[in-house]
Amino acid sequence: MMDIIGSLNCTDWSLLPPATEETMAQTAMVKGRFMGDPSHEYEHTEIQKVNEGEKIFEEEVVVQVKEETRLVSIIDQIDQAVAIIPRGALFKTPFGPSNVNRTFEGLSLSEAKKLSSYFHFREAIDLKNKTLLEKADLDPSLDFMDSLEHDIPKGSSHNLEDLSSG
């Protein structure tokens, strides 16, 4: 995840707090436009289960979310959806995190035209759900992130490979 900076006056900049799973869940309930005031608090009601002894009650709880927190969550969601990297720019060893591939000189023209040559620059989500047969042709040192090959834009019924070949 990238650091996010913000400003109220375009002169003084500060680091915004990182998005967490909890803040992402809270801000997912907030709808509507931003107000332009980082201290503005949105309110929404959640139903939470409360245990009192052997009885379980449902209780309405008002959750307040600051606009600053919502902004960080939205930026993180956008970043997760659109940040991409070409195949081969990073490599992963069996012993640790990914590294910059210093020998990577870019994609060939034919490879640059293929969606399978690009990955989402985030922790793999879809790759974990692939079968062993689907993973058989993958190189674990290069193919450790989700490929763009099977992405379908929201609101579209077309596969992107079909659109790029026409």
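## Exercises on a predicted model

In the chain, confidence is highest in helix α3 (residues 109-112), at 95, and lowest in helix α5 (residues 160-164), at a mean of 50. Here pLDDT is the predictor's confidence in each residue, from 0 to 100, and helices are DSSP runs of H or I with at least four residues, numbered from the N terminus. This is a predicted model, in which local features need pLDDT of at least 70 and side-chain atom pairs count only at pLDDT 80 or more. Residues are numbered from 1 along each chain as its sequence is written.

**Exercise 1.** Find how helix α1 lies against helix α2.

*Solution.*
- Start with the axes, lines fitted to C-alpha atoms over the stretch in contact, with angles from 0 to 180 degrees between N-to-C directions.
- Those of α1 (residues 21-28) and α2 (residues 67-82) come within 9 Å and cross at roughly 100 degrees.
- That makes α1 roughly perpendicular to α2, the term for angles of 65 to 115 degrees.

**Exercise 2.** Find which residues methionine 24 touches.

*Solution.*
- First, place methionine 24 in helix α1.
- Next, look for contacts, meaning heavy atoms within 4.5 Å.
- Leaving out residues up to four places away in sequence, methionine 24 touches Ala19, Ser73, Asp76 and Gln77.
- Finally, take glutamine 77: 53 residues separate it from methionine 24 in sequence, and 8.7 Å in space, C-alpha to C-alpha.

**Exercise 3.** Find the rings that the charged end of arginine 70 sits over.

*Solution.*
- Apply the rule: CZ of Arg must be within 6 Å of the ring centre and within 35 degrees of the ring normal.
- Phenylalanine 34 fits, with 4.3 Å to its ring centre.
- Tyrosine 42 fits too, at 5.0 Å.

Terms used. Heavy atoms only, no water. Helix = DSSP H or I, 4+ residues; strand = E, 2+ residues; numbered from the N terminus. Parallel < 35°, antiparallel > 145°, perpendicular 65-115°, else oblique.
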